[in-house]
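Student: I would like a close look at a single part of this structure, followed outward into whatever surrounds it. Could you take me through one part slowly, in connected prose?

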Amino acid sequence: MEPKKKLINSVDSCVDEAIWGLVRASGGLSLLEGHRVVLRSDLDQLRGRVALLSGGGSGHEPAHGGYLGAGMLSAAVAGGVFASPPPASILAAILSLHAAGASGVLLIVKNYTGDRLNFGLAAEQARHHGVAVETVIVAEDCAFDQPGKAGRRGLCGTIFVHKLAGALAEEGSSLARIVSTVTEVLQGVGTLGVSLSPCSVPGSLPSFELPPGVLELGLGIHGEPGIKRSKVASADEVVKTMIDHMTNPGSQSHLPLKPGDAVVVCVNNLGALSCLEMAVVTRAAIVCLEARGVVVARVMSGSFMTSLEMAGVSLSLMRADQETLRLFDAKTSAPAWPNLSSACVSGRNYVTEPQAASGRPQDDAHSDGPLSPVMRAALERVCSALLEKQDELNALDRAAGDGDCGNTHAQAAAAIQEWLQRHVVPGCPGRLLSVLAGLVQDKMGGSSGALYGLFLTAAAGHVTEEQSNAAAWASAMHAGTQAMRRYGGADPGDRTMLDALCPAVDELMKLTTAPPGGQIAVLRAAVQKAASGAESTRDLAARAGRASYIAAERVTLPDPGAVAVASILRAVLESLEGRGGGE
């Protein structure tokens, strides 16, 4: 097995280049020469205030460099990927903050042996230089029921400490008060992670193997495996399992949480979950906590402390009183801190009622007329034709799309058939076209539903109960086609349904001058033009629609949308001929 490919220049330089990229992209940051240390570029603002320093191994971005700014960290020191930073760099950062006039320096350290040792050594050395230094160890991992001597790990809950301590420091609080406050808050912080995949350090194999369909519960942020494995379940089930484990009183690492407690929730992407998945997990966390009677005061959802490309998520909960929320809500200029609302999540009315609109045409009651039987018969024939073509259209679509063209047309046909069973076909053709537009928009979906909806809506205004002769229908077809071209952006020759529709409509426009005895001949010619146009798409290069993204040599079959249009027009012709010519 080869190491996983990563978009870097080299294994040896990736950490330094990542730090360089962060600093160059952020006007409020600067790099301490000779060290992997990021500083606030406005260090003069620290005079007389407590400075905050945190850090650890790289690979957890945006932690910790993304949390530098007024109201959060003053500096961050980075080690190699998943490696503690060296004491010399930590000391250099402390001394830089002291030289800027900071009244003291607070080290915020995650509970890992390497971090404790190296930050601890630098703290002792700094004291010899006359610097007032204190350390807060973050150890909020809820994974282990009986933690060993090393204790609980420091995870994403660390950023809560960054935020609260930063707000206090910005207000001018003393070093002792900051330490006391965040130490007390940490008693009500807990984190648990779950993952669908391992991660891999650049140049190395994955940190562990995880079979398909299995997830890992209770893993850390350095690629180490968790405490147990289980089958992948729904997001709701996984989140409930996580919160049950975090709050289990039988565990020495549990977070005490009772109904009525208010919490801040951090839903942290460990690296590779999609934004969609993150939003689903966020919803699940809110619902699960509220079902327990817990008040969700704030929610932050995103990538805050990652583990390279691990496809997983961690949940961090922090019990919060009004003072904690005040500090949490305080403004910060840190680039990675989200722009959060200060409104309580639980209890907020989050649904806006839509403006009252007129009812859907397909729900209205209609009166029939002389044309109703003719139009009903034509619709029934069209629906049958589309249902018969379902498999053929799907097969054509698989060559250049997602293979569902037949399904979408069948859905529209089924919806129209159902409507026909329960409604009178209106005598006004325009009203019928509006009904059909509503049905295809609701049931067909995708771009096809929108295109047919445009066609039918634009056409509806050109045919009425009083104006429903052949010329009016031709004008309606032309108006519908022009609307499709205007909004869809396609033209004849682009390998779309227009390649069947436009030639047919051009032929139908002859109805405006054709004598009554020649109208069916025009319709037959239009149907033939549609069939020829659909077949011609076999040799056209797609310039619109999903097929335009496929290599031309792979698209050798007729366009399914054009074939569908030709089938619809043929079905209308067959229906009219079956009624004696439709003249």
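Tutor: Let us take helix H13, and begin with what lies over it. The buried residues of H13 are covered by a set of elements that includes helix H11 (405–422), helix H12 (429–443), helix H14 (470–488), helix H15 (498–508) and helix H17 (560–578). This is a predicted model, and the values that follow are computed from it.

H13 itself runs over residues 446–460, and its 15 residues reach 21 Å from the first C-alpha to the last, close to the 21 Å expected at 1.5 Å a residue. The residues of H13 that are buried are Ser 448, Gly 449, Tyr 452, Gly 453, Phe 455, Leu 456, Ala 459 and Ala 460. Because these residues cover an arc of only 165° around the axis, they lie on the same side of H13. The spacing behind such a pattern is a general one: an α-helix has 3.6 residues a turn, so residues three or four places apart point the same way.

One of the covering elements, H12, deserves its own description. Its 15 residues should span 21 Å at 1.5 Å a residue, and its end C-alpha atoms are indeed 21 Å apart, which agrees. Within H12, the residues Pro 429, Gly 430, Leu 432, Leu 433, Val 435, Leu 436, Ala 437, Gly 438, Leu 439 and Val 440 are buried. These buried residues pack against helix H9 (372–388), H11, H13 and H14, and H13 is in turn covered by elements that include H12. Just after H12 comes Gly 445, which takes a positive phi of about 70°, while H13 begins at residue 446.

The surroundings of H13 also hold open space. The largest pocket contains about 1300 Å³ of space, and of the 45 residues that line this pocket, the closest to its centre are Ala 378, Trp 473, Met 477, Val 572 and Leu 576. At least two lining residues come from each of H9, H11, H12, H13, H14, H15, helix H16 (519–536) and H17, so that H13, by the DSSP numbering of helices, is among the contributors.

For enclosed space one can turn to the cavities, of which a search of the whole structure finds two of 30 Å³ or more. The largest cavity has a volume of about 70 Å³, and its lining consists of Arg 40, Gln 45, Leu 46, Arg 49, Val 50, Leu 52, Gly 71, Met 72, Ser 74, Gly 166, Ala 169 and Glu 170. Strand S3 (50–58) and helix H4 (158–171) each supply at least two residues of that lining, and H4 gives the most, with three residues.

Finally, a word on the cysteines, since a biochemist may well ask about covalent links. A search of the whole structure finds zero disulfides. Cys 142 is in no disulfide, and the nearest cysteine sulfur to its own, that of Cys 156, is 13 Å away. Cys 142 is buried, with a relative accessible area of 0%. Cys 156 is likewise in no disulfide, although the sulfur of Cys 266, the nearest cysteine sulfur to it, is 3.9 Å away; a disulfide would need the two sulfur atoms within 2.5 Å. Cys 156 is buried as well, with a relative accessible area of 1%.

Technical notes: Residues are numbered from 1 along each chain as its sequence is written. This is a predicted model: local features need pLDDT of at least 70, side-chain atom pairs count only at pLDDT 80 or more; totals for chains, interfaces and linings use all residues. Side-chain values use heavy atoms; hydrogens and water are left out. Buried means under 20% relative accessible area, exposed over 50%, partly exposed in between (1.4 Å probe, protein chains only). Helices (H or I, at least four residues) and strands (E, at least two) are DSSP runs, numbered from the N terminus. The expected span of a helix is 1.5 Å times one less than its number of residues. The arc is that of the directions from the helix axis to the C-beta atoms. Contact means heavy atoms within 4.5 Å. On a 1 Å grid over the protein atoms alone, a cavity is a set of points where a 1.4 Å probe fits but cannot get out, and a pocket is an open set with protein on both sides within 12 Å along at least five of seven lines; lining residues have an atom within 4 Å of a point. Grid points are joined across faces, edges and corners, and a volume is the space filled by probe spheres set on the points.
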